[in-house]
Amino acid sequence: MRTSTEYDRPYRPLSVSVSNRVGRAARRFGFGGALDIGRMIAAARRRAGLSDFGDEWFLEPLEVLVDSINAEARLTPLGAAIQRARIVSALAIRLRAERVLREHPEILDADPGRILLIAGLQRTATTMLHRLLAADPGTRALSAWEVLSPVPLKGEGTGPPRRRMRQAKRAARAIGFLAPDFRAVHPMAWDAPEEDVLLLDLSFMSQAPEAAMHVPSYARWLETRDHTKCYEYMLTVLKILHWQRPGDRWVLKTPHHMEHLDVVLDVFPDVCVIQTHRDPKRSVPSFCSMVAHGRGIFSDHVDPVEIGAHWMRKIRRMMERSMTVRRGADTGVFIDVSFYDLVADPLGELRRIYGAAGIDFTEEAAAAARAVSERSGKDSLGRHVYSSASFGLDEETMDGHSAAYRREYRIPHEVVT
C-alpha cells in the first residue's frame, strides 16, 4: 500500500463522515462548539476524583493553546472531541500526580540515573536508534502506554497496570482506524518505546499541538517563553515512572529537545545528548508528510504548503538554537550520529555510542539490539510516498535554510535512487 498524497482530502471512514455531519448540525443549534477550559477542568476533577492541581502555572499555556485551537484549528466535531478528551486526560494526570507526590514525597528525591536523550531532527532515524537503545535490559524507556498514562490510577494494585495498557491498546486501534496511512509513515505499538514529548504536553508546552493542528498563534507564543518549568515537571513525572519501575539508566527521544537544549542541560543532572543527522532535503519533506497525515485526523482543512512553510522555519530555528547551545557547552555531553552510518551498521554505531557515553556494551545488550534491528521494517504497513513539491519546498530553499547546519556536522547530500 502506498500512502496518499492528497493531503487536502483526508481519509474518512464512513462512520466518521456521518458522525461529523451530525456534529456540524449540532453545532448550528449550539451544541459541541468551542473548547471550554472551565468545563474541561471540571471534567478532569470528576474523572480523577481529585481537585488539587498544586501549582497552577500551567493554566497560562493551556489558555493560549485553547484560544488558538478555537480561533485557528478548524477542527471537525470528532477532531474537537479528541482534543477535548486529550486535554481532560492531561489535567487528570496532573491531579493524580499531585496526589501521588503528596502520599510519597520520597519520589522527588529519586535519582533516575544517566539519561540518554536523543534530540535529532525529525525523520533522521531517531525512532530506530531509540528502539535499539531501549532494547538493552538495563535501559529504561517510556512505553506508549506509559506516555499516555504515566501516573497510577485510583485503586491500581502492584501488578501490571492492565487498565492503562488497555487504554493504550484502544488508542492505537483508533489511530489505525481513523488514519491507516499514518501507521505506514510512523511505526506505532501500544507497548513499544514512545516519544517523551507527551510528558511535556502535560504542561501544554510542546510542539505536539502544532504538529497535529493549525495553531500558529500558539506556536509563536511558545517560542517566546521560558521552558524551564515544563522540563522540571517532565523530570518530576519521570521520577514517578522510575518509582513505579526503575532502571539503570533512561533513554528519551523527541526532536522537540533540539529547540531547548539549554534547558535540558540545566534541568537534567546527568544527561548525554545524542544527535542524529541527515540531509534536510530528505528529512523535512518526510516530516511534512507525517504532519499532513496527522492533521487530517482532526481537520478537513489541511494546507500542505502552509505545513511546509511553517515546519521549514521551525526546523531552521531548531538547528540554529541547538548549534548555539552546543558551541558554549561541554562537548563531552554530546554524541553525533550519522543517519547513513546508523542505517548501514546499526550494531557498530550502537557500540560506538555506548563507548562515547561511558556505558558497557554487554553481550546481552548486543543480542537484544540485534533482534530489534533484524525485526525492523518487517512490520511495515505500507510504503511512505511524498515529495517536497507537495509542500511548496524546493531543494535550493531547503539547502539555504540548512547550510550552516550541514557544514557544522558535515552532512552529505543524499542521492535518491
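Is R282 buried or exposed? I began my notebook with this point, working from a predicted model. I found that R282 has a relative accessibility of 14% and therefore counts as buried, the limit being under 20%.

**Entry 1: the partner of R282**

I next looked up the pairing of R282. Its side chain meets that of E395 in a salt bridge, with 3.1 Å from N to O. I noted that R282 lies in helix α14 and E395 in helix α19, and that this pair links distant parts of the chain, 113 residues apart. I then checked the cover of E395, which is partly exposed because its relative accessible area is 39%.

**Entry 2: a salt bridge between R406 and D279**

I turned to R406 and D279, whose side chains meet in a salt bridge at 2.6 Å, N to O. Why does this pair tie together parts that are 127 residues apart in sequence? I recorded the reason: R406 lies in helix α19 (residues 395-409), whereas D279 lies in the loop between β4 (271-277) and α14 (280-298). I also recorded that both R406 and D279 are buried.

**Entry 3: K229 and D55**

I looked up a further salt bridge, formed by K229 with D55; their closest N and O atoms are 3.7 Å apart. K229 sits in helix α12, and D55 sits in the loop between α2 (37-48) and α3 (59-73), so I noted a link between distant parts of the chain, 174 residues apart. How much of each residue is accessible? K229 has a relative accessible area of 42% and is partly exposed. D55 counts as partly exposed as well, at 48% relative accessibility.

**Entry 4: salt bridges over the whole structure**

How many salt bridges does a search of the whole structure find? I obtained a count of 31. I reminded myself that side chains of opposite charge can pair when their charged atoms come close. I also found a network of salt bridges that links E210, E223, E259, R313, K314 and R317.

**Entry 5: charged patches on the surface**

Which residues form a positive surface patch? I listed R162, R163, R166, K169, R170 and R173. I chose R170 for a further check and placed R170 in helix α7, which covers residues 162-178. R170 is partly exposed, because its relative accessible area is 46%.

I then listed the members of a negative surface patch: D226, E232, D262 and D266. I placed D266 in helix α13 (residues 261-267). At 67% relative accessibility, D266 counts as exposed, since the limit is over 50%.

**Entry 6: a nonpolar patch**

I looked for nonpolar side chains on the surface and found a patch formed by L14, V18 and V22. Together these residues have about 290 Å² of accessible area. L14 belongs to helix α1, which runs over residues 14-28. Is L14 buried or exposed? L14 counts as exposed, because its relative accessibility is 67%.

**Entry 7: T236 in helix α12**

I looked up T236, which is found in helix α12 (residues 228-244). T236 has a relative accessible area of 17% and is therefore buried. Which residues does T236 touch, not counting residues up to four places away in sequence? I recorded L101 and L108.

**Entry 8: E349 and V337**

I examined E349, which is found in helix α17 (residues 346-357). E349 is buried, because its relative accessible area is 9%. Leaving aside neighbours within four places in sequence, I found E349 in contact with V337, S338, D341 and L342.

I followed this contact to V337, whose place is in strand β5 (residues 334-338). At 1% relative accessibility, V337 counts as buried. Not counting residues up to four places away in sequence, V337 touches I274, Q275, T276, H277, L342, E349, R352 and I353. I noted that I274, Q275, T276 and H277, among the residues that V337 touches, carry numbers that fall in β4 (271-277).

Finally, I compared V337 with E232, one of the residues of the negative surface patch. How many residues apart in sequence are V337 and E232? They are 105 residues apart in sequence, and I recorded 27 Å between them in space, C-alpha to C-alpha.

Key:
Residues numbered from 1 in each chain as written. Predicted model: local features only at pLDDT ≥ 70, side-chain atom pairs only at ≥ 80, totals over all residues. Heavy atoms only, no water. Patch = residues over 30% accessible without salt bridge, like charges linked within 9 Å, V, L, I, M, F, W, Y side chains within 5 Å. Areas by Shrake-Rupley, 256 points an atom, 1.4 Å probe, with all protein chains shown as cover. Salt bridge = Lys/Arg side-chain N within 4 Å of Asp/Glu carboxyl O. Lys, Arg positive; Asp, Glu negative; His and termini not counted. Charge placed at Lys NZ, Arg CZ, Asp CG, Glu CD. Helix = DSSP H or I, 4+ residues; strand = E, 2+ residues; numbered from the N terminus. Buried < 20%, exposed > 50% of the residue type's maximum accessible area, 1.4 Å probe, protein only. Contact = heavy atoms within 4.5 Å.
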